[in-house]
Amino acid sequence: MKAVITGVRGQLGFDVVKAFEAAGHVVVPMGREDCDITDLSRVDRCMKEIQPDVIVHCAAYTAVDLAETEVDKAFEVNTDGARNLAVAAEKVGAKLVYVSTDYVFDGKGMGRPYQEYDATNPQGVYGRSKLAGERLIQTLSSKYFIVRTSWVFGSNGNNFVKTMLKFGRERGKLKVVNDQVGSPTYTVDLARFLLDLASTEKYGIYHASNTGICSWYDFAKEIFERSGVKVELTPCTTEEFPRPAPRPAYSAMDHMAIRTNGFALLPPWQDALERFLTEMGEV
């Protein structure tokens, strides 16, 4: 299988490349300088030249707060970029894997984790731009996988785990939000799932995160306990740390499509965190 991977300098794209290469597939890593996804004609030329079997689209505008003012840029990358890849993929007969987000939901809770076909209702620009990308892919591609994920952490780039360890060591005392609930996702585990998924024709929408649910405070507490970093940790509310973009209060996602399509669930988030900390030399 020949796979184009976009966003290869990001957390997820980096591990997706490693997963596909380890499985023996031909991988064409694609950064912005290789092929700007916002340029339809260039994307078209790139895909015609490469003739991939699958495109795994990890590139995204993910500056959630900045998106509230850089609206055009967020939609250009997350929506127009998705459209361009969908059009090009269709022309060469490639499967398309689009990585989306829990931010497509309003986070107001339903008394249970969100399932794949629950109604979406994004509250910020980032979520709206990713949902618009989902809709264009569903319209323009006949062989697509939309994979929504959440709270991503990996070795290549910044994330909550690295930030907590840095601030914990520097400050020794932290307040962490305890009223936002979701599921952490280790990029290594998600990359393996995307590889398994792309090898099938089980098209559709999937929710993929490590199993289990926690608050950011719970997550931070586990990080410090497992790494042995001593921190005075205090829970706080979202209102105490106002941000430009709204955060989903409850964005835990059910993995119904993974179960019904016969895939293995991703491991528990605590197990994933332990492996990540080991990878980073923190345990």
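Q: What makes a right-handed β-α-β unit with β4 and helix α4?
A: Strand β5 completes the unit. In this predicted model, helix α4 spans residues 125-140. A crossover is called right-handed because the path from the first strand over the helix to the second runs clockwise, with the strands pointing away from the viewer. β4, α4 and β5 fit that description. So do β3, helix α3 (residues 71-92) and β4.

Q: How do you know that β4 and β5 pair?
A: Pairing needs at least two bridges. β4 and β5 have six bridges, in the parallel sense. Therefore they count as paired. Within this pairing, Val-97 stands opposite Phe-145 in β5.

Q: What makes β3 and β4 a pair?
A: Four bridges link them, again in the parallel sense. The cut-off is at least two, so they pair. The bridge partner of Ile-55 is Leu-96 in β4.

Q: Why is Thr-101 called buried?
A: Its relative accessible area is 4%. Buried means under 20%, so Thr-101 qualifies.

Q: How do you know that both faces of β4 are covered?
A: In a regular strand the side chains alternate between the two faces of the sheet. Lys-95, Val-97, Val-99 and Thr-101 are buried on one side. Leu-96, Tyr-98 and Ser-100 are buried on the other.

Q: What makes the Thr-101 and Asp-102 side chains a polar contact?
A: They are 3.1 Å apart. The limit is within 3.5 Å, and neighbours in sequence count only if both atoms are side-chain atoms. Both are side chains here, so the contact counts. A polar atom of the Thr-101 side chain also lies 3.0 Å from the backbone nitrogen of Tyr-103.

Conventions
Residues are numbered from 1 along each chain as its sequence is written. This is a predicted model: local features need pLDDT of at least 70, side-chain atom pairs count only at pLDDT 80 or more; totals for chains, interfaces and linings use all residues. Side-chain values use heavy atoms; hydrogens and water are left out. Buried means under 20% relative accessible area, exposed over 50%, partly exposed in between (1.4 Å probe, protein chains only). A polar contact is a pair of N or O atoms within 3.5 Å; within protein, one must be able to donate a hydrogen and the other to accept it, and residues adjacent in sequence count only if both atoms are side-chain atoms.
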